[in-house]
Amino acid sequence: MSIGAQRPTAVIKNNTLYIDGGSETFIDGDDKIGNITFGYNNYLITVDLSNSWDWRNNISEKALPKRANSPTNMQIPILARGALYHGADADDCIYLWGGTTNLWNTSFPGFQAPSSQQYSLWSFNIVNQQWNQYDTTLGSAHRPSRGSFTEARDQGLGFFFNGQLDSGSELETEVFGDKRPQFLEGMIVIDTNNKTARNLSTKAVSGDLPRSRGRMQYVDDIGTKGVLVQIGGNQQSVTVQKDSFTGNLVPMNVIDVFDVASYYSSSTPDGVWYRQSTSGETPDGRIDFCVIQASATDGSSHNLYVYGGRGPDDVFFDDVWVLSLPGFVWTKIYQGNSPRAGHTCHRVGSRTMITVGGTANTDYGSPPCDWETKGVGVFEISDVTWGSKYNATQSKYTVPSQVVAQIGGNQRGGATMRQPVNGFSQTELAKLFNVKVSTPATPPTPDRPRPKHTIAPLIGGLIGGIAFLIFAAAAIFYYKRTIQHFWSRVPDPRQEMDDNQRIVKEMMDKDVFWELPADDKPVEIGPSASRADGDILLVSEMHLKHINDFF
């Protein structure tokens, strides 16, 4: 019997869990007693998710042989540490990308030696169960493994970030020998719609220290095309060839975010990355963990669950952390004593996490054997409980109470933490989350009394505003009236009469100005006409007098 799988790759499609490749430990007998053999998973294993089950007694698993039934009659590769992609919803295929050959037991039945990297992309049709291969060397010259990967299935795109080459990767790397990997730069984008690959530079995010064995998660509700969230792993220069495992871990308090929309822009051929610091208690740096994502029903928070992994000094973790966006805050929600690393995890329905494979220590053939004897585990992500039962009928996802305590709102949503504690590191990153950048307001002191008598200042301000508007309207009226009149200086003074034929004189220094009678035709002042500075000043004073009379 098999008692555990390490570093498989898996994906869920059409209510079926597909598990490919990886290494397995086999033992004679049914009680974990007997000779132990280290080997490989030579099958494509399926697990039915359309019906409820308990992996202790009635789980439905099938093993599909990987026959050479492709058009070229090539052997279907048996690999580990690659990626398995869902493909577009209307596509009947799943896609295997990258991976490496495990060389620990070359005498195991069905062992395959490393092959050419020419066909690093394979498809499996889940309807007719046929395999096919694709040449992607124009977009990716190598077959990488141990990179972090995720998928924008709504766009038919798979992403594979950095990674490494080792002696099992391809024919040319067999000379590397044991534990001498070479880290790879770049992010490969697999377009499952047209079966092509494109290599984007990652200098902006990982510089000269590419990463391996971290994890990446696609979140579709952020930005116009979603974002990729890159977490953890280790890093090493491309000029160094050694297997440091956990010697240079990427800190978990810094998160890198890729805007998927930038992939489509000709002005950003390598896409756009952002970097954001986190808050809260932070997980230890680690490799070989897994991550899934679930969002509150109102979209106010997007919660990334990080489970297990391996840290410094070969410490293996049995913990679950949640990274909540857009607040970028960590919350620890579970701590156990059954560590696991080298596994995968997958969200099923709205609130269940299925784990696949993994190991508890670096001696893969020794105890403790995996207590999950069927290779899968079940974690309820809302109630934070482990078990053996999978329920195909689930209620809606609710945010764990521990997370609500950090981000506000309630278990259905309403998160009040809408940005990181110290704000977003970049304005454009804030825009991705539809957050207006502003200086965080200082919360009011709870015991400070509220100001009294707020009505009188409000009324006073209102009256002042109305008076100003009246003043401005009057000034505009008399200004327009003035420029429409014809003014000139004449030797025999005329006098303006009011409606009662009374003389009204408007004296302005030494000169007197009159308004033309209605029967006189105005004439425009010629270019030779001039007006003394004093006259202009007097007109201004007259206007002020009329305005004062108005009030």
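In this predicted model, F38, Y40, W104, F108 and F111 are joined into a cluster by ring pairs. The structure contains 19 aromatic pairs. One of them is formed by F258 and W273. Its ring centres lie 5.0 Å apart, and the planes meet at 55°, a tilted arrangement. This pair links distant parts of the chain. F258 belongs to strand 23, W273 to strand 24 (residues 272-277), and 15 residues separate the two. Both F258 and W273 are buried. A further pair, F424 with F433, is stacked. Here the centre-to-centre distance is 5.4 Å and the angle between the planes is 25°. F424 is buried, as is F433.

Aromatic rings also meet charged side chains. R215 places its charged end over the ring of F289, 5.9 Å from the ring centre. K225 lies over the face of Y264. The distance from K225 to the centre of the Y264 ring is 5.1 Å.

The sheets come next. One open sheet has 4 strands in the order 2-3-6-8, with antiparallel pairing. Its edges are strand 2 (9-13) and strand 8 (61-65). Each edge strand has a single partner, so one side of each lacks a neighbour in the sheet. On average, neighbouring strands of this sheet are turned by 25° against each other, direction ignored. Within the sheet, strand 3 (residues 16-20) pairs with strand 6 (residues 43-48) in the antiparallel sense. This pairing runs over 5 bridges. I19 faces I45 of strand 6 across the pairing.

Another open sheet of 4 strands follows the order 9-10-11-12, and its pairing is antiparallel. Strand 9 (83-85) and strand 12 (131-134) form the edges, each pairing on one side only. From one strand to the next, the twist averages 25°. Strand 10 (residues 93-97) and strand 11 (residues 121-125) run antiparallel and are joined by 5 bridges. I94 stands opposite F124, a residue of strand 11.

Strand 4 (residues 23-27) is mostly covered, with 4 of its 5 residues buried. Strand 4 pairs with strand 5 (residues 36-40) in the antiparallel sense, over 5 bridges. In this pairing, I27 stands opposite I36 of strand 5. Two residues of the aromatic cluster, F38 and Y40, fall within the residue range 36-40 of strand 5.

A buried polar residue is found outside the strands. Q236 is placed in the loop between strand 22 (234-235) and strand 23 (254-259). Its relative accessibility is 5%, and Q236 therefore counts as buried, the cut-off being under 20%. The side chain of Q236 reaches the backbone oxygen of V240 at 3.3 Å. Strand 23, which follows this loop, also carries F258 of the tilted pair with W273.

Terms used
Residues are numbered from 1 along each chain as its sequence is written. This is a predicted model: local features need pLDDT of at least 70, side-chain atom pairs count only at pLDDT 80 or more; totals for chains, interfaces and linings use all residues. Side-chain values use heavy atoms; hydrogens and water are left out. Buried means under 20% relative accessible area, exposed over 50%, partly exposed in between (1.4 Å probe, protein chains only). A polar contact is a pair of N or O atoms within 3.5 Å; within protein, one must be able to donate a hydrogen and the other to accept it, and residues adjacent in sequence count only if both atoms are side-chain atoms. Rings of Phe, Tyr and Trp (its six-membered ring) pair if their centres lie within 6.5 Å; planes under 30 degrees apart count as stacked, over 60 as edge-to-face and the rest as tilted. A charge sits over a ring if NZ of Lys or CZ of Arg is within 6 Å of the ring centre and within 35 degrees of the ring normal. Two strands pair if DSSP finds at least two bridges between them. Axes are lines fitted to C-alpha atoms, for helices over the stretch in contact, and angles run from 0 to 180 degrees between N-to-C directions.
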